[in-house]
Amino acid sequence: MVHEQLDRIAKSTRQKAEKFDTTLTVCTSSGCLSAQSDVVMKALQKEVGARDMKSSCHVKGVGCRGLCSKGPLVSVQAHGEESEVLYEHVAEEDVGEVLDSIEKKPVERLLCPMDTPFFQRQQKIVLENNGLIDPDVIEEYIAHDGYRALVTAVTEMTPSEVIDEIVTSGLRGRGGGGYPTGLKWITVAKADGDEKYVICNGDEGDPGAFMDRSIMESDPHRVLEGMAIAGYAVGATQGYIYVRGEYPLAVSRLKTAIRKAGRLGYLGNNICGTPFSFSVAIRLGGGAFVCGEETALIASIEGQRGNPRPRPPYPAEYGLWGQPTLINNVESFANIAPIIRNGGDWYAGIGTESSKGTKVFALTGNLVNTGLIEVPMGITLREIVYDIGGGIVDDGVVKAVQTGGPSGGCIPEAYLDTPVDYESLKELGSMMGSGGMIVMDESSSMVDVAKFFMEFCMTESCGKCIPCRVGTVHMHNILDKISKGKATPRDLALLEKLCDMVRNTSLCGLGQSAPNPVVTTLRYFRNEYESLIMGLPTKAKEVEEVTA
């Protein structure tokens, strides 16, 4: 009966879409909105009305298309045609030509080729609906298999069977730690408590990262569906999405999605006519980077200052209000529905032996193509930088790739053939992180890069533990001295000792990982530090010599 409801909604939605000869989609995620895509969409709608084309031409907003550097992006697709024409850098004054092209040849000067590696080398699971559906229209989500996984889970599977599929998939937490998702779910399911909670960590704070924001803006129902399935699996009835206050569009679309999912019975009491009930509420972060750490996030939801606490006990056993709590990030939850729909074995067949599935990255830097990408685990950094990213602008040379945000490290050009998986990046001194990837060319000073990230960590430290509160300040001061050519060899030695101390004695992940950018730049680009220290020769070292 419940599957029949989904079928009816999907069929009706498709029939409405088929009434139009042409559909024009406009990216309405933050990246394109910052380039005034909303103005372009209004202009298209106005011109369609002026030309009396409303019955044959449908204009709608969609989620992030990925190629953020080329926005606003507008696509034109004729009914019955599989291929579409994609236009880049569309301005309000181009609207007339775009509509004229429906009956004529495409507008050459605006064309964005879709047969390029940027599009062809990606494998979209989390982002499969991006560019296809209107985030505010639940019926369009349902027409693309939305909520089928939830219905299947609560009506045809036991909670343990749901968890078994997640375990089989090999999904690991996409928030940065890479902890096996299924194992975390098992722990929460087995924990004793009067109440259990599910928390979605949407407090994305890494510089240059916008993966979770784009997912929440482009496909909010996918996150809600994943959370509801998780709630059913672990025995929770209440969920919270903790979102950065700086993400107003994501918050707005999540609120709309929660309201509409509740009206159709996919959230709230007795979901799909079963005894299972699950509600979701939104909590806003106040801009503290440390609240991305799960215990600090829990404290913030409880109304306390967002300070981390020692672990164990872990949130899976003692979390929100002292009850067992499941915490995963946005991308982790966005993987759940496809896994339940297609099976854990299907997902495990993608990626590498220890890193399954795909990973969403925010690809930034001085590249030809920057934006949001999703690639299978195991793809090399070189393929991402040169094939998908198009290489450095003006045929420049890659100097380093920084992954993992402030917690990650800088990987030199010599290691671009490294596969992107949890273990390989860790061996190089970096980490997967939540998915930020910054590509730097020869103009970048690695000392300045380390100084930038250390300043960020110093500023964002909650101050609870001395190693992080004091150590990051000392490290930043030394980096500042080095960058100004005022440091001595003794300062460099002290910097390395501080890295070891802060890493091994800080309370939470912020302090423990804060030295990573410094450690990796010292490991691979030590000559830059030495050349800035007075009295030392400026002899460059090969990467192989440094790491021997």
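**Views of a predicted protein model**

**Figure 1. Overall dimensions of the protein.** With 548 residues, a compact globule would have a radius of gyration near 24 Å, and the protein agrees with this expectation because its own value is 24 Å. The model shown is predicted. Along the principal axes, the C-alpha trace of the protein spans about 75 × 60 × 40 Å. The secondary structure comprises 25 helices and 13 strands.

**Figure 2. Interior and surface of the protein.** Of the 548 residues in the protein, 57% are buried. Among contacts with a separation of 6 or more, 71% are between residues 24 or more positions apart in the sequence. The exposed area of the protein is about 22,000 Å², and carbon and sulfur atoms supply 49% of that area. The protein carries 54 positive and 71 negative side chains. The centres of these two sets of charges lie 5 Å apart.

**Figure 3. Close-up of strand β1.** Strand β1 covers residues 22-27. Six of its six residues are buried, and therefore the strand is largely enclosed by the rest of the structure. The residues of β1 point in two ways: Thr22, Leu24 and Val26 point one way, whereas Thr23, Thr25 and Cys27 point the other way. The residues on both sides of β1 are all buried.

**Figure 4. Close-up of the strands paired with β1.** Strand β1 pairs with strand β2, which covers residues 57-62, in the parallel sense. Six bridges join β1 and β2. Within this pairing, cysteine 27 has valine 62 of β2 as its bridge partner. Strand β3, which covers residues 74-78, runs antiparallel to β1 and is joined to it by five bridges. Here threonine 23 has glutamine 77 of β3 as its bridge partner.

**Figure 5. Close-up of cysteine 272 and its surroundings.** Cysteine 272 is found in the loop that lies between helix α12 (248-263) and strand β7 (279-285). Is this loop residue buried or exposed? Cysteine 272 is buried, because its relative accessible area is 15% and a residue counts as buried under 20%. Leaving aside residues up to four places away in sequence, cysteine 272 touches Val2, Val151, Val154, Thr155, Gly265 and Tyr266.

**Figure 6. Cysteine 272 and threonine 352 compared in sequence and in space.** In sequence, cysteine 272 and threonine 352 are 80 residues apart. In space, the distance between these two residues is 36 Å, taken from C-alpha to C-alpha.

How values were computed. Residues are numbered from 1 along each chain as its sequence is written. This is a predicted model: local features need pLDDT of at least 70, side-chain atom pairs count only at pLDDT 80 or more; totals for chains, interfaces and linings use all residues. Side-chain values use heavy atoms; hydrogens and water are left out. Helices (H or I, at least four residues) and strands (E, at least two) are DSSP runs, numbered from the N terminus. The radius of gyration is taken over C-alpha atoms; the globule rule is 2.2 Å times the number of residues to the power 0.38. Buried means under 20% relative accessible area, exposed over 50%, partly exposed in between (1.4 Å probe, protein chains only). Contact means heavy atoms within 4.5 Å. Accessible areas come from the Shrake-Rupley method with a 1.4 Å probe; for residues, only the protein chains shown count as cover. Lys and Arg count as positive and Asp and Glu as negative; His and the chain ends are not counted. The place of a charge is taken as NZ of Lys, CZ of Arg, CG of Asp or CD of Glu. Two strands pair if DSSP finds at least two bridges between them.
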